[in-house]
Number of protein chains: 2
Amino acid sequence: MANSIRDVASRAQVAVGTVSNFLNRPDRVAEATRKKIESAIADLNFVPNASARHLRSGSSRTIGLLVPDITNPFFTEVARGAGDTASENDYTLLLCNSDEDPKKEERHLKVLIEQRICGLLITPSFEGLAGVAELNRRNIPTTFIDRKAESLEQSSVSMDDFYGGKSAVKYLASLGHTSIAWVNGPLSIAQCASREAGVMDSAKEQNVKINKFQVNQMRSQNGYEVAKNILESTSQVTAIFCANDLVALGVLRALLENGKKIPTDYALIGYDDIGFSASASIPLTSIAQPAYKLGALAAQMIINEVENGKKFKHEQIVFKPELVIRASTQALRK
Amino acid sequence: MANSIRDVASRAQVAVGTVSNFLNRPDRVAEATRKKIESAIADLNFVPNASARHLRSGSSRTIGLLVPDITNPFFTEVARGAGDTASENDYTLLLCNSDEDPKKEERHLKVLIEQRICGLLITPSFEGLAGVAELNRRNIPTTFIDRKAESLEQSSVSMDDFYGGKSAVKYLASLGHTSIAWVNGPLSIAQCASREAGVMDSAKEQNVKINKFQVNQMRSQNGYEVAKNILESTSQVTAIFCANDLVALGVLRALLENGKKIPTDYALIGYDDIGFSASASIPLTSIAQPAYKLGALAAQMIINEVENGKKFKHEQIVFKPELVIRASTQALRK
DNA sequence: CAATTAAACCGAAACGATTCAATCATGGCT
DNA sequence: AGCCATGATTGAATCGTTTCGGTTTAATTG
């Protein structure tokens with residue numbers, strides 16, 4: 001049923017090698033034969049077999065993208081960006097979701113090696129680093145996403161979390177807030193730790209007081225729960241900064257339920273600027289991360305590395321996040 | 001660098017065919033040789049080459065999933081479900097996102113054919129149906145997701161939208177509401193049309209009055225805008241049912257801004273039960289669709305079809321959506 | 001003990017493309 | 001006319017597996 005390059009060759013009355021040239025280096029084949037081949041392909045409805053192609057040529061033109069949570073809008077944007085650039089360069093993107101499960105992560109890595117991907121984009125979990133080492137041993141280029149590579153032998157595209165934390169506090173200070181609640185996730189997550197460092201740094205500079213609150217998971221429900229502690233705390237905070245939009249949305253819900261007005265009673269800022277933040281009951285001010293760009297650039301970098309081999313220079317690119325101001329913050333009035 | 005089955009064979013001092021048997025039919029090889037091969041594989045760090053395997057065996061063990069919008073939480077859940085069952089059955093899932101763009105859809109279809117996928121899961125756009133016909137011509141099984149197949153030659157896994165529309169209105173009527181605003185998307189979308197049919201059917205049964213409102217796109221912003229019309233309309237509606245959660249969240253925001261109380265002034269229901277609905281400022285009552293199950297079942301069906309060939313019976317499975325009651329609805333008080 | 005049988009193993013051929021050294025045409029130049 | 005350079009085309013070898021008919025080995029039977 002499926003036609004091969006041989007069928008095309010015989011129908012067009014040329015050699016198989018010529019058909020292959022037509023497919024890969026069209027400039028090498030004369031106008032007349034080109035037409036013959038074209039119509040033979042159309043007649044037979046021929047589509048080349050990627051497996052055969054990869055096997056012989058040695059390159060799969062496939063890159064893998066392994067994300068920890070496909071449910072997270074941040075990563076779907078990354079995937080869109082990576083997918084689009086992959087397509088534009090005639091690469092196939094193999095998108096895998098590990099659901100934050102090291103077992104699944106390992107299994108996907110195995111499959112990706114079987115597929116002989118020529119490059120991998122990954123946000124590695126702690127355990128996943130072993131798998132990445134395996135890839136290195138096989139000389140498969142790897143680029144970290146949203147996590148900076150320590151080694152200069154490794155590319156990465158990440159965000160400046162320190163800067164993000166810092167700019168949120170700076171902005172609140174500029175509005176006149178001097179006592180801020182900072183709701184962070186586990187410090188074991190690199191991003192959380194950096195954001196906190198930025199927060200504290202800015203607090204010192206701007207001379208504002210930070211009240212720390214902690215959340216175990218960065219989901220909406222956790223924000224909802226921690227809000228009670230904020231309301232009961234003795235210190236009179238006038239602004240709340242959350243390490244993530246989901247948490248901020250949870251906090252927002254709790255505040256509204258308790259009859260508080262946003263932004264009058266409390267200014268509120270989130271982080272990530274996921275799509276829903278703009279359409280929350282009170283549109284959320286947030287620190288936006290250019291997820292699409294992140295994915296697109298990462299894909300472009302790994303493609304460059306694949307195609308330029310040894311002479312490729314590894315880079316650690318760090319994006320600056322951007323403050324997006326909406327209705328959940330305003331200048332403090334006494 | 002990359003080792004082949006031959007290297008394994010020579011190191012284990014067996015024939016290549018034996019190694020292949022070890023990989024594919026381990027029961028055929030004796031205990032002693034099994035061990036030799038195992039350690040050779042471990043020593044050489046051998047991982048089989050999927051392309052060679054597919055080329056020779058004729059089956060790629062890969063299924064494609066082509067979704068119109070990876071950004072939509074509904075589809076990421078579908079993808080998780082399909083991905084998990086694919087993994088469990090040792091299939092690879094190739095996830096493609098067309099961004100509702102017919103051009104991208106067509107391009108992805110082409111790539112999927114090149115990869116010689118053995119089955120496709122798709123939520124076809126209107127234009128996409130042509131591409132699907134192409135797949136059929138090549139005898140590649142196709143299963144529709146979230147859209148019922150008209151032909152009995154085709155499997156599908158979809159939702160009963162008529163039932164969903166109906167049950168929302170029925171529920172509102174049971175709370176005492178007799179005048180309901182129904183905010184729908186374009187009737188050209190099959191799902192919207194069916195839901196509306198269900199709404200009207202139930203309205204007649206329950207003897208309640210429906211006020212129709214229309215939205216061009218089913219995004220939050222559109223809901224926000226249409227809410228003004230609802231507030232200004234002369235008829236005294238006491239409940240609002242939206243064709244999708246995003247729209248409902250937009251409506252919710254507009255109502256709150258206008259000082260309305262939910263659920264006291266208005267009861268509000270959405271559709272889809274996306275994750276954010278549970279953590280909206282007023283947790284949203286919604287019609288839940290089991291997206292994960294949908295994806296998982298669709299994947300299982302296509303795998304069955306691939307493996308059982310001709311003797312496979314096509315099925316059109318229709319799931320019943322489920323009402324999830326939260327804080328945005330309550331019994332009407334006068 | 002010879003004959004029979006089953007279990008393991010062997011290894012050449014094939015899958016559908018790409019590669020590359022070799023051949024063929026064509027036209028320009030002395 | 002003869003020679004060369006250039007551009008097109010050819011086709012056999014190859015990539016890493018699976019497949020499958022054939023061979024070896026060991027155990028069982030009469």
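These notebook entries record what I looked up in a predicted model of two protein chains and two DNA strands.

**Conventions**

I number residues from 1 along each chain as its sequence is written, and I letter chains from A and number ligands from 1 in the order in which they are written. The model is predicted, so I note that local features need pLDDT of at least 70, that side-chain atom pairs count only at pLDDT 80 or more and that totals for chains, interfaces and linings use all residues, while side-chain values use heavy atoms, with hydrogens and water left out.

**Entry 1: DNA strand C**

I first looked up the residues near DNA strand C, where near means that a heavy atom of the residue lies within 4 Å of the strand. I found 23 residues around DNA strand C, with Ser4(A), Ile5(A), Ser20(A), Ala15(B) and Thr33(B) the closest. Sugar or phosphate holds 65% of the strand C atoms within 4 Å of the protein, and bases hold the rest.

I then checked polar contacts (pairs of N or O atoms within 3.5 Å; within protein, one must be able to donate a hydrogen and the other to accept it, and residues adjacent in sequence count only if both atoms are side-chain atoms). Two backbone approaches to phosphate oxygens of strand C are on my list: a backbone N or O atom of Ile5(A) at 2.3 Å, and a polar backbone atom of Asn49(A) at 3.0 Å. Arg56(A) instead places a polar side-chain atom 3.2 Å from a base oxygen of DNA strand C.

For secondary structure I used DSSP runs numbered from the N terminus (helices, H or I, of at least four residues; strands, E, of at least two). The elements giving two or more residues to this surface are helix H1 (5–12), H2 and H4 of chain A, and H2 and H4 of chain B. H4(A) gives the most, with 4 residues.

I sorted residues into nonpolar (Ala, Val, Leu, Ile, Met, Phe, Trp, Tyr, Cys and Pro), charged (Asp, Glu, Lys and Arg) and polar (the others, Gly among them). The surface near DNA strand C has 10 nonpolar, 8 polar and 5 charged residues.

**Entry 2: DNA strand D**

I repeated the search for DNA strand D and found 24 residues around it, of which Ala15(A), Thr18(A), Arg56(A), Ile5(B) and Ser20(B) come nearest. Of the strand D atoms within 4 Å of the protein, 66% are accounted for by sugar and phosphate.

Arg56(A) appears again: an N or O atom of its side chain is 2.5 Å from a base oxygen of DNA strand D. At the phosphates of strand D, I noted a polar side-chain atom of Thr33(A) at 3.0 Å from an oxygen, and a polar backbone atom of Asn49(B) at 3.4 Å from an oxygen. This surface divides into 9 nonpolar, 9 polar and 6 charged residues.

**Entry 3: chain A against chain B**

I counted contacts (heavy atoms within 4.5 Å), and 51 residues of chain A and 51 residues of chain B take part. The buried area (accessible area, 1.4 Å probe, that two parts lose on being put together, summed over both) is about 4,300 Å² here, with carbon and sulfur atoms giving 53%. Val47(A), Arg116(A) and Phe276(A) supply 14% of what chain A buries against chain B, more than any other three residues.

Between the chains I recorded 4 salt bridges, a salt bridge being a side-chain nitrogen of Lys or Arg within 4 Å of a carboxyl oxygen of Asp or Glu. Arg80(B) and Asp99(A) form a salt bridge, with their closest N and O atoms 2.7 Å apart. I also found 21 residue pairs in polar contact across this interface (both at pLDDT 80 or more). H5(A) gives the largest share of the chain A side, 7 residues.

**Entry 4: domains of chain A**

I took the domain bounds from an automatic or database domain assignment: domain 1 (5–48), domain 2 (57–158 + 291–313) and domain 3 (161–289). The C-alpha centres of domains 2 and 3 of chain A lie 31 Å apart. Contact between them involves 5 residues of domain 2 and 4 residues of domain 3.

These two domains bury about 490 Å² between them, 44% of it from carbon and sulfur atoms. Pro73(A), Phe74(A) and Asp146(A) supply 64% of the area that domain 2 buries against domain 3, more than any other three residues. The rule finds 1 salt bridge across this interface; Asp69(A) and Arg219(A) meet in a salt bridge at 4.0 Å, N to O.

**Entry 5: salt bridges overall**

My search of the whole structure returned 38 salt bridges over all chains. One pairs Asp43(B) with Arg11(B), the closest N and O atoms being 2.5 Å apart. Asp43(B) lies in helix H3 (residues 31–44) of chain B and Arg11(B) in helix H1 of chain B, so this pair ties together parts 32 residues apart in sequence.
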